[in-house]
Protein chains: 2
Amino acid sequence: MTVAAIIPAAGRGLRLGGGLPKAFRPLGGVPLFVHAVRALRASQYVESVIVVTLPDRLAEVGSLLGPAATVVCGGESRHASVAAGLAVLPPPVDVVLIHDAARPLVPPGVVDAVVEAVLAGASAAVPVLPVVDTLKTVDGAGRVVRTIPRDTIRAVQTPQGFRRSVLVRAHAEADPAAPATDDAALVEALGIPVMTVPGSPTAIKITYSVDLLLAEALLHADLAAEPAE
Amino acid sequence: MTVAAIIPAAGRGLRLGGGLPKAFRPLGGVPLFVHAVRALRASQYVESVIVVTLPDRLAEVGSLLGPAATVVCGGESRHASVAAGLAVLPPPVDVVLIHDAARPLVPPGVVDAVVEAVLAGASAAVPVLPVVDTLKTVDGAGRVVRTIPRDTIRAVQTPQGFRRSVLVRAHAEADPAAPATDDAALVEALGIPVMTVPGSPTAIKITYSVDLLLAEALLHADLAAEPAE
């Protein structure tokens, strides 16, 4: 089986600050998407990586990544960007990972576990962790509606792994007017089972500026290279 | 109004490692519960802090905290420990915060916001953040059941703040056989409204050993002293 990964990184979101789209924010002097490519290529299974970027960033991203990845232009939405990546998958690829540039330090053990679940027969597999915080639903006025039992709830990380045919079908049949929070949800909508594998606390998602500080600490401690807990 | 805080820190859990109960794990050379006391006392409103600890740790905790907190023995459960704290609240206290020693770096702005919500009339208030990760429910075999819409879900932090009479009643009427994940849930069970206020990404919960590394980075960056985002 041949494994490829797609990183949709064409978002223009400047919410994280620094005047840069999130994927371009530096971590240890290197943009997040470059870390993400390195993290995927550290897996023993990943043979090629496709980065989907903004048209005006194509040359810059291409020169930063060199032969480590194929770089293509993205669409106006995350859905369109994943589609752009799927469109350039080489024919032999039969397992596809979708990874978030905002998770620059995912350990290779997590990537391997996702791939191995699909190689073992799963149509789709996602890395998960138990939920650490108490979760509550709130109403429009910010009042608590109820506390959610969290025993059966998992926080989902990336990369998410798919049998290629399953992901292509899920994306083709998705409702563009109802954007999914992740690619696995599109597969779930088809009634196709999605497996879970253990994620890692070091695969943090960069959301707030403080997360970059935490990621720098991880980078220096080189914990990011350790196996999943 | 007089505001006091209780830190139930009598857990024997060694899951975090280091051969120590979590509250005693050092962060920057200082146990987590000491940071938690400092964080609460940094609020302009908190007049007294009660730390509930293990009987065999009472002298050690007392000497580490000195006049910064009242130290009492805890019970066998978190519920019993909070009850032990409530039992020694000075009579004038009318607002009670319950804080988790595993959140050593909660910014004073978050503590203030919780207190201010109760001072403004709320029976109970909890600091919350939007949920960053996609959430899915899983079955016993680790298969995804469904993706949970997270727009109305919040991750709950501490301290949680309560009008004293409300918390005392909620604890008295709680079912000890069905331990709640947090104190606010006991209030919700009475049908009493719980408000939310903005939490902070720096109020991280120490769950995995990697979280200590992240907390050290925050400590050095002194970001923990910044207002809530």
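These are my notebook entries on the contact between chains A and B, its salt bridges, and helix H5 of chain B.

**Ground rules.** I worked from a predicted model, where local features need pLDDT of at least 70, side-chain atom pairs count only at pLDDT 80 or more, and totals for chains, interfaces and linings use all residues. Residues are numbered from 1 along each chain as its sequence is written, chains are lettered from A in the order written, and side-chain values use heavy atoms, without hydrogens and water.

**Interface.** I looked up the contact (heavy atoms within 4.5 Å) and found 48 residues from chain A and 48 residues from chain B. The two chains bury about 4,000 Å² between them, 64% of it on carbon and sulfur atoms. That area is the accessible area (1.4 Å probe) lost on putting the two parts together, summed over both.

**Salt bridges.** I took a salt bridge as a side-chain nitrogen of Lys or Arg within 4 Å of a carboxyl oxygen of Asp or Glu. The structure holds 14 over all chains. Six of these salt bridges are between chain A and chain B.

I checked B:Arg103 and A:Asp133 next: their closest N and O atoms are 2.6 Å apart. B:Arg103 sits in the loop between E6 and helix H4 of chain B and A:Asp133 in the loop between E7 and E8 of chain A, so the pair joins two chains. Helices (H or I, at least four residues) and strands (E, at least two) are DSSP runs, numbered from the N terminus. Both partners are buried, meaning under 20% relative accessible area; exposed means over 50% (1.4 Å probe, protein chains only).

Then I followed A:Lys136. It pairs with B:Glu188 at 2.6 Å and with B:Asp182 at 3.0 Å. The three are linked in a network of salt bridges. B:Asp182 and A:Lys136 are both buried. I also found A:Asp182 with B:Lys136, at 3.0 Å, N to O. Both of those are buried too.

**Helix H5 of chain B.** I listed its buried residues: B:Arg164, B:Val166, B:Leu167, B:Ala170 and B:His171. They fall within an arc of 165° (directions from the helix axis to the C-beta atoms), so they line one face of the helix. B:Ser165 and B:Ala172 are exposed on the face turned away. The cover over the buried residues includes H3, E6, E11 and H6 of chain B.

**B:Asp183.** I found this residue in helix H6 of chain B. It counts as buried, at 2% relative accessibility. Leaving out residues up to four places away in sequence, B:Asp183 touches residues including B:Leu167 and B:His171.
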